[in-house]
Every structure is written in C-alpha cells, then in structure tokens.
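Work through the exercises below with the sequence and the model side by side. Try each task before reading its solution.

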Amino acid sequence: MAAQALLSVSLPTNLTPKNSYYPTITASTSANQPIVGRKLRAAVIGGGPAGSSAAEALAAGGIETFLFERSSPSTAKPCGGAIPLCMLDEFQIPIHLVDRHVTRMKIFSPSNLAVDFGKTLKPHEFIAMLRREVLDSFLRSRAESRGAVVISGLVTNLDLPTSPNSPYVIDYVVDKTSRRNLAVDVVIGADGANSRERIKLPDEKMEYYENLAEMYVGNDVSPDFYGWVFPKCDHVAVGTGTVRAKQDIKLYQRGIRERVKAKINGGKVIKVEAHPIPEHPRPRRVRGRVALVGDAAGYVTKCSGEGIYFAAKSGRICGEGIVKASEGGERMINEGDLRREYLKKWDKEFILTFRFLDLLQRVFYGSNAGREALVEICGDEYVQRMTFESYLYKKLAPGNRWEDVKMLGKTIGSLVRCNIIGEKMNLLNL
C-alpha cells in the first residue's frame, strides 16, 4: 500500500525464443545521467501476476530487482481465477497449472432466467481456471530464476527522495518483528483485490461443475459486477466482485450463497476471503519514479471484472519500459520515461477497451432491469461469438455490419422490454 499511495508503470511484449522470455534492450537517446559502479535498482511491491511479471522483465533486462511479497507462497488469494486462452501461450503458463478447462457457462439474471453461454466455442477453446496461489507462486519463482531477489516482508513506509536522483527508501518488516529498509531508484506498486469462499462439494455435486462455470447478476449479489461459481481442482470458488467497501461485501457474499444454495448444500467451506476490487484505471498512475500496475493501477475491466491478464500485461509492459529507458540499467530514469514507455503504450493498447466496457456497465448494470436485458441478449449466438473471441484472444473480433445492426436492435428491444418487467418486479417487491 505504501507504493500505491504514489502510483504506476507498463510496456510491450517481446518473446524470444518461443519458450523463454527476455526483453529486447534497444539504445535510447536519453540524457539521463549514467549510473556508475552498479545497475539501476528497482523494488516491486506485491508478488501477484502484475508484480511478478514486472520483476521478471526487470531482472531479465539487467535491472537489480527486489520483489516484496508479504504472503507465503501457499496463501490463497481472493480471485475467481479465470484467465483467457491467449495468456497461456503469451506468458508461458504450463498447462498442468490449470485446474479446469471450462467449456460451458451459464449466466443467471436477477429473476433466475438462465442462458447457456459458450455455444460458439471451438473444440480447442476453453477458459482456464486455476488457483491464484498456484499461478502466483509459479510467476514469482520464474522472476526469481531470472535474478529477482524475493523478500518475504510487509512494506510499511516509503520515504521520498530528497533530490531528483536520490533514492526512495522502503521500510519493511520481516517475520513480523525485524524492521529493515532498502534504498532503490524505482518503485513499482503492484499490491492489489474481491470476495470468495472455497467450498468442497460432495462428489456428485462436484461432477456437475466439472467443466461448467456459472455467473449470477443482480443487486443481491453485486451492485456493479456479478457473482460466480467457478470450478477448481477439488472444490468450487463461490464469490462476488464489487468496488464497495469491505464491510458491504459480506452482504453480497450472503446473496450469492443464497442464489446457489441448492447446488452447494452439503458442501464444506474450506476458505473465506474478501477484498474490494478497483473501479477503474486511476487518474494518476505514475509519479516521480513510482508507478502502479495491475489492481493497484485499477486495471480491472468493467462488466467482466477481469484483472489477471491485464495485471500481468501491465507489469510486463512497465518492466520492459524501465529496461528500455535505463538502457539495461545503465542510466537513471525519470517520470517522463515512465509516462512515455509505460503509460503511453498501455493506454494506446487498452484504454479504449476499458472505456467501452465502462459504457456497457453503465447501460446494463445500473439496475436489475438492465441486467435482465443483458442476460437476454447473451442468448444470441452472434453476441457470444464476439464476446468469446474478444475475451479469449484479447483482440477485437471481426464483426458483421448487418449482424451488428440486428444486435443493436435486439439490445434496444431487450432494454425496453426488461425495463417494463423490472418495474413490475419492483411493484411485487413492494
């Protein structure tokens, strides 16, 4: 949190060769002063996908890198754990880390209208479900193998530089009692967040969720995202995402449990976690030589609540940007370098996606009537194809103008019709 109080960083992906990651270092025309007798020193606060990906890029590019993570490698993280197909290849995630290959999805409206979502998936396509502690441990270990120093400790304070090139001083605690500090040139804040329970189901009920994920929308489960049941190796994650304060999450957690009660009866709760998720990209993500990435920067998409891919991508872009700006750690960097090599590249690639999903959320998540309309149009196969192609491969799916016009007409019709239904439901509730 100490770094989050200041701000963020990111950069493009270069994978050479296929199964190994090393950033490309190109000479810059920087007028920044050379560093004599050592390399640029960077601290990454937070060892999740964003922090570990940043640390890997930094260390592989010649930067002296320190990765802070306060949780042990086996600590469960409050996250749905779904990642797009393209991430497995782009970030070389071994397939054995994936718990479930989800090929079927159901989405439930506030009135419990259910729509099968996933009819357009090709035989080789699936949504990868994994546990965050497994993914995070793998990414952290890989960053360490590239040369990053992993520090198991809690960052408590960040002292600002007294001059343009003087260091930031990080205060941290190891083993809850030993207080230490570390001077660094650059800081990346990657500490980040939602709410979830892990429930071990009887075998016959677990079989139902073998390759099925469920999503629930409604004011009872989340005012701004959705609730879910996602299958894992030997249990299901039952959770909800919201930007509301932590005390409100318990209410929505009870709501999702109530919606899925019949399906999870007989299950044993083995883990409960809760944290709020960020609402949108922060207006200030870079300040001085401090940058925010991942959840700390607010890189969680509206509507879908997706964050893992964007966290890892932002961390990698940021790390690569620092490597490039510092010429492999040989020169000091400044705020302008971070803005140019991280923010400019990140925003160019992804900011329109975030704005588009923000618009969709305003249309469909503002009321239960809007959510009813959302579920209704999700039954359309064209909508499903466009949604999954964009999600799985993180690029805009090629559309059909005539189909787009028809989809717009259906959307308007659903919104009008469901608004009428919503008003009747509200009268019944009164």
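**Exercise 1.** What span should the 14 residues of α3 have at 1.5 Å a residue, and how far apart are its end C-alpha atoms?

Solution. Keep in mind throughout that the model is predicted.
Step 1. The expected span of a helix is 1.5 Å times one less than its number of residues.
Step 2. For α3, with 14 residues, the expected span is therefore 20 Å.
Step 3. The end C-alpha atoms of α3 are 20 Å apart, which agrees with that value.
Step 4. Look next at burial within α3: R132, E133, L135, D136, L139, R140, R142 and A143 are buried.
Step 5. Just past the end of α3, G147 has a positive phi of about 125 degrees.

**Exercise 2.** Find how α1 and α3 are oriented to each other, and which residues make their contact.

Solution. Step 1. Helix α1 covers residues 49-60 and helix α3 covers residues 132-145.
Step 2. Their axes come within 8 Å and cross at roughly 15 degrees.
Step 3. Angles under 35 degrees count as roughly parallel. The angle found here therefore makes α1 roughly parallel to α3.
Step 4. The crossing of α1 and α3 is left-handed.
Step 5. On the α1 side the contact residues are P49, S52, A55, E56 and A59. On the α3 side they are R132, L135, D136, L139, R140, R142 and A143.
Step 6. Sorted by class, this contact has six nonpolar residues, one polar residue and five charged residues.

**Exercise 3.** Compare the length of α7 with its expected span, and state how many of its residues are buried.

Solution. Step 1. Helix α7 runs over residues 308-325, which gives 18 residues.
Step 2. From its first C-alpha to its last, α7 reaches 26 Å, close to the 26 Å expected at 1.5 Å a residue.
Step 3. Of the 18 residues of α7, 17 are buried, so the helix is largely enclosed by the rest of the structure.
Step 4. After α7 comes E327, with a positive phi near 55 degrees.

**Exercise 4.** Are α1 and α7 roughly parallel or roughly antiparallel?

Solution. Step 1. The axes of α1 and α7 come within 7 Å and cross at roughly 25 degrees.
Step 2. α1 and α7 are therefore roughly parallel to each other.
Step 3. The crossing of α1 and α7 is right-handed.
Step 4. From α1, the contact uses P49, A50, S53, A54, E56, A57 and L58. From α7, it uses I308, A311, A312, G315, R316, G319, E320, I322 and V323.
Step 5. The contact of α1 with α7 comprises ten nonpolar, three polar and three charged residues.

**Exercise 5.** Are α7 and α8 roughly parallel or roughly antiparallel?

Solution. Step 1. Helix α8 spans residues 335-364, and its axis lies 8 Å from that of α7.
Step 2. The packing angle of α7 and α8 is about 155 degrees.
Step 3. Angles over 145 degrees count as roughly antiparallel. α7 and α8 are therefore roughly antiparallel to each other.
Step 4. The crossing of α7 and α8 is right-handed.
Step 5. The contact residues of α7 include Y309, F310 and K313, and those of α8 include D337, L338 and R340.
Step 6. By class, the contact of α7 with α8 has eleven nonpolar, two polar and seven charged residues.

**Exercise 6.** Is S326 buried or exposed?

Solution. Step 1. S326 sits in the loop between α7 and α8.
Step 2. Its relative accessibility is 0%, so S326 counts as buried.
Step 3. Leaving aside neighbours within four places in sequence, S326 contacts L40, I63, R331 and I333.

**Exercise 7.** For Q92 and D175, give the sign of phi and the degree of burial.

Solution. Step 1. Q92 lies in the loop between α2 and β4. D175 lies in the loop between β10 and β11.
Step 2. Phi of Q92 is positive, near 50 degrees, in a residue other than glycine. D175 is not a glycine either, and its phi is positive at about 55 degrees.
Step 3. Buried means under 20% relative accessible area, and exposed means over 50%.
Step 4. At 15% relative accessibility, Q92 therefore counts as buried. With a relative accessible area of 64%, D175 is exposed.

Definitions and conventions:
Residues are numbered from 1 along each chain as its sequence is written. This is a predicted model: local features need pLDDT of at least 70, side-chain atom pairs count only at pLDDT 80 or more; totals for chains, interfaces and linings use all residues. Side-chain values use heavy atoms; hydrogens and water are left out. Axes are lines fitted to C-alpha atoms, for helices over the stretch in contact, and angles run from 0 to 180 degrees between N-to-C directions. Helices (H or I, at least four residues) and strands (E, at least two) are DSSP runs, numbered from the N terminus. Angles under 35 degrees count as roughly parallel, over 145 as roughly antiparallel, 65 to 115 as roughly perpendicular and the rest as oblique. A crossing is left-handed if the near helix is turned anticlockwise from the far one by less than a right angle, and right-handed if clockwise. Contact means heavy atoms within 4.5 Å. Ala, Val, Leu, Ile, Met, Phe, Trp, Tyr, Cys and Pro count as nonpolar, Asp, Glu, Lys and Arg as charged, and the others, Gly among them, as polar. Buried means under 20% relative accessible area, exposed over 50%, partly exposed in between (1.4 Å probe, protein chains only).
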